[in-house]
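Biologist: I've got a new chain to look at, and I'd like you to justify every label you put on it. Can we go through it slowly?

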Amino acid sequence: MGPNVTGAQREESVRPLHLRPYALLWVFLGGVCGTALRYWFEKMWPATGAAWPWGTFAVNLTGAFILGALLETLTLLGPDGGWRQRARLFVGTGICGAFTTYSAFALEISTLARNGFAGLGVGYALVSITAGLAAAMAGIAAAAAVLGRYSGGSA
């Protein structure tokens, strides 16, 4: 580090990211936004325990696509620092972390099974996982295409 680096800057550079106040603030602010979005989706399509849980399904697929696109974009644009790191913390960890939900996914599978819809629960689990992976891959491909890095398989 150069001679103009202060003690606070030196301490900040060695402190793990999850212990830096600015990082926690970005995650918190994103989490507030993601929670509000998720609440809206769940109000639009509430789970009944007797049918496909469309709200959680839509939330998880949308979140997987956004996270795939975000991380691919940030990776292609450069190292994880500065505005890219703040975008990852705010959108990726904060918004997508609060927006998507594994706990509701697991609860809905359990509720479907408990209510006599075990086959639907298993189908929901398998389709959600498969479609989530496909959504993340689609997000990655979309980001690569938008950034002009995808040319039909040859980089």
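Modeller: Here is a talk about helices, burial, contacts and charges in this chain.

Modeller: Before we start, this is a predicted model: local features need pLDDT of at least 70, side-chain atom pairs count only at pLDDT 80 or more, and totals for chains, interfaces and linings use all residues. Residues are numbered from 1 along each chain as its sequence is written, and side-chain values use heavy atoms, with hydrogens and water left out.

Biologist: Okay. What makes up the secondary structure of the chain?

Modeller: Six helices and zero strands, so from the N terminus the order reads α-α-α-α-α-α. The labels come from DSSP runs, numbered from the N terminus: H or I over at least four residues for a helix, E over at least two for a strand.

Biologist: How do you know what span to expect for α3?

Modeller: The rule is 1.5 Å times one less than the number of residues. α3 has 24 residues, and its first and last C-alpha atoms are 34 Å apart, close to the expected 34 Å. Helix α4 (residues 82-99) has 18 residues and reaches 24 Å, close to the expected 26 Å. Just after α3 comes Gly-78, with a positive phi near 145°.

Biologist: Why is Gly-92 called buried?

Modeller: Buried means under 20% relative accessible area, exposed means over 50%, and partly exposed is in between (1.4 Å probe, protein chains only). Gly-92 has 10%, so the buried label fits. Gly-92 sits in helix α4, and the buried residues of that helix also include Leu-89, Ile-95 and Phe-99. Among what covers the buried residues of α4 are α2 (21-44) and α3 (54-77).

Biologist: And Val-91, also in α4: buried, exposed or partly exposed?

Modeller: Partly exposed, because Val-91 has 22% relative accessibility. For the whole chain of 155 residues, 31% count as buried.

Biologist: What makes two residues a contact?

Modeller: Heavy atoms within 4.5 Å. Leaving out residues up to four places away in sequence, Val-91 touches Ile-66, Leu-70 and Cys-96. With its neighbours within four places set aside too, Gly-92 is in contact with Leu-67, Leu-70, Ala-87 and Gly-97.

Biologist: Which residues does Ala-50 touch?

Modeller: Ala-50 lies in the loop between α2 and α3. Not counting residues up to four places away in sequence, Ala-50 touches Leu-112, Phe-117 and Leu-120. The C-alpha atoms of Ala-50 and Gly-116 are 8.2 Å apart, though these residues are 66 apart along the chain. Ala-50 has 41% relative accessibility, so the label is partly exposed. In the chain, of the contacts between residues at least 6 apart in sequence, 69% join residues at least 24 apart.

Biologist: What makes a set of residues a nonpolar core?

Modeller: The members must be buried Ala, Val, Leu, Ile, Met, Phe, Trp, Tyr or Cys residues, joined through side-chain atoms within 4.5 Å. The largest one here has seven residues: Trp-52, Phe-57, Leu-61, Phe-105, Leu-112, Tyr-124 and Ala-125. At least two residues of this core come from each of α3, α5 (102-114) and α6 (118-146). In soluble globular proteins, nonpolar side chains tend to be buried together.

Biologist: How do you know that Asp-80 and Arg-88 meet in a salt bridge?

Modeller: A salt bridge needs a side-chain nitrogen of Lys or Arg within 4 Å of a carboxyl oxygen of Asp or Glu. The N to O distance for Asp-80 and Arg-88 is 2.6 Å, and that fits the rule. By this rule the count is one salt bridge. Both ends are partly exposed: Asp-80 at 44% relative accessibility and Arg-88 at 22%.

Biologist: Last one: which residues make the nonpolar surface patch of about 370 Å²?

Modeller: Leu-25, Phe-28, Leu-29 and Val-32. Patch members need over 30% relative accessible area and no salt bridge; like charges are joined within 9 Å, and nonpolar side chains (Val, Leu, Ile, Met, Phe, Trp, Tyr) within 5 Å. Val-32, in helix α2, has 46% and counts as partly exposed.

Methods:
Areas by Shrake-Rupley, 256 points an atom, 1.4 Å probe, with all protein chains shown as cover.
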